[in-house]
Amino acid sequence: MVYSLRQKIGAIILDAPCYLVKLLATKLGNSKAWLLVRNRKQRVIVNRSPFGVHCQWQWTSDLYLPKIFPLFSKLLLKQALKSASFSFANAPQDKTTNTEMTADVAFIIGHRGRPRLSLLLKTLESIAAQKGCSIECIVVELDHQPKIKEALPSWVKYIHHKPGTENQAYNRALAFNVGAVAANSPCVIFHDNDLLVSNSYAFETLRLVRKGFDFVNLKRFIFYLSEASSHTLRLTNSLDHTLEVESIMQNAEGGGSIGCSLKAFHAVGGFDQRFIGWGGEDNEFWERAQTLNIWPYGNQCLIHQWHGAQIEKLDLDNAPTLKLYRELSEQSPSARIAWLKENQVLEQEEDPCAV
């Protein structure tokens, strides 16, 4: 996108000072100050201990200044990589030691098809590098025929689940529900197949769940890499601030990656499987989550690997999922929970492809 001279001048005058002050404070010793950068009309709330930042904005939003001046994307990415360790592993190093052989945290990922398999595999390497707790990972392939089973690492639990009809659009909610029923961990993280996380992501989520928070949203910023940088990353395993960032998202709330206790997941009725196609299910889920005890203060940065946009996303205003979301939003979250508990059965079918 080409920005006008007026937009550039406005960004320098109205946005840049906020960034420069926060980046200077970071350099002078306040290592978390950079997490406070925001768009000019937004307000953030800070939780001091443990530290986290909540942006009071209803919908997801991209940081404006880095889009106009990419230098700020590099500066923020540099701070993100200084603040947390990102690495990749072939298998988890922390082994479960309890007698029931359950892990502390389960990552649940939905997937369809082979075009994004390389993204999924790199995401699994990022998850395998978690430290401080034991993990399991469940990949649910929602497709008529299993296509990725043989490509997955042996430590990953694979489940194949057929969609309802031959040409049915991808149902992210269904994939997550199937994975949650198969989980053996008290804490679960519903995670997209294209997001890289720091080594401490699972541990920090678990820590807050153990403190009594039912749902945990640790995402402060999501760095969206360019196509070329995503390709370079997968080839080299090298994450540094020279990678090209196309945008930096905040306010993802229930989208991308969200943690919770397995008990709380069932308490709110799981994901609503009526959301068939792109979008809406994460916002609706997060609204029901807020009937319990949530942690909305982000302090983690995630790295998004590039892929082409979903077709439905290009015409979101006319998407059936958006219509459904608007209809459901007219009902109270508690009424929606009651309906799901009565009408939606969370069951995992017996599947010979599950390993």
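A residue is taken as buried when its relative accessible area is under 20%. In this predicted model, Cys-187 meets that cut-off, because its relative accessibility is 0%. Cys-18 is likewise classed as buried, with a relative accessible area of 18%.

The structure contains zero disulfides. A disulfide would require two cysteine sulfur atoms within 2.5 Å. For Cys-18, the closest cysteine sulfur belongs to Cys-55 and lies 11 Å away, so the pair is too far apart for a bond. Cys-187 also takes part in no disulfide, the nearest cysteine sulfur being that of Cys-260 at 7.2 Å.

The largest nonpolar core comprises 38 residues, of which Val-105, Phe-107, Leu-124 and Val-139 touch the most other members. Two or more residues each are contributed to this core by strand 4 (105-111), strand 5 (135-142), strand 7 (187-191) and strand 10 (219-225), together with helix 4 (117-128) and helix 6 (201-210). Beyond its neighbours within four places in sequence, Val-105 contacts Cys-187, Ile-189 and Ser-185, as well as Cys-133, Ser-134, Ile-135 and Glu-136; Ala-202 and Leu-206 complete the set. A second core, separate from the one above, has 33 residues, including Leu-63, Leu-233, Leu-243 and Cys-301.

Nonpolar side chains also occur at the surface, where Leu-5, Ile-9, Ile-12, Ile-13 and Leu-14 make a patch of about 520 Å². Ile-9 is located in helix 1, which spans residues 5-27. The relative accessible area of Ile-9 is 42%, and this residue is therefore partly exposed.

Key
Residues are numbered from 1 along each chain as its sequence is written. This is a predicted model: local features need pLDDT of at least 70, side-chain atom pairs count only at pLDDT 80 or more; totals for chains, interfaces and linings use all residues. Side-chain values use heavy atoms; hydrogens and water are left out. A nonpolar core is a set of buried Ala, Val, Leu, Ile, Met, Phe, Trp, Tyr and Cys residues joined through side-chain atoms within 4.5 Å. Buried means under 20% relative accessible area, exposed over 50%, partly exposed in between (1.4 Å probe, protein chains only). Helices (H or I, at least four residues) and strands (E, at least two) are DSSP runs, numbered from the N terminus. Contact means heavy atoms within 4.5 Å. Patches are made of residues with over 30% relative accessible area and no salt bridge: like charges are joined within 9 Å, nonpolar side chains (Val, Leu, Ile, Met, Phe, Trp, Tyr) within 5 Å. Accessible areas come from the Shrake-Rupley method with a 1.4 Å probe; for residues, only the protein chains shown count as cover. A salt bridge is a side-chain nitrogen of Lys or Arg within 4 Å of a carboxyl oxygen of Asp or Glu.
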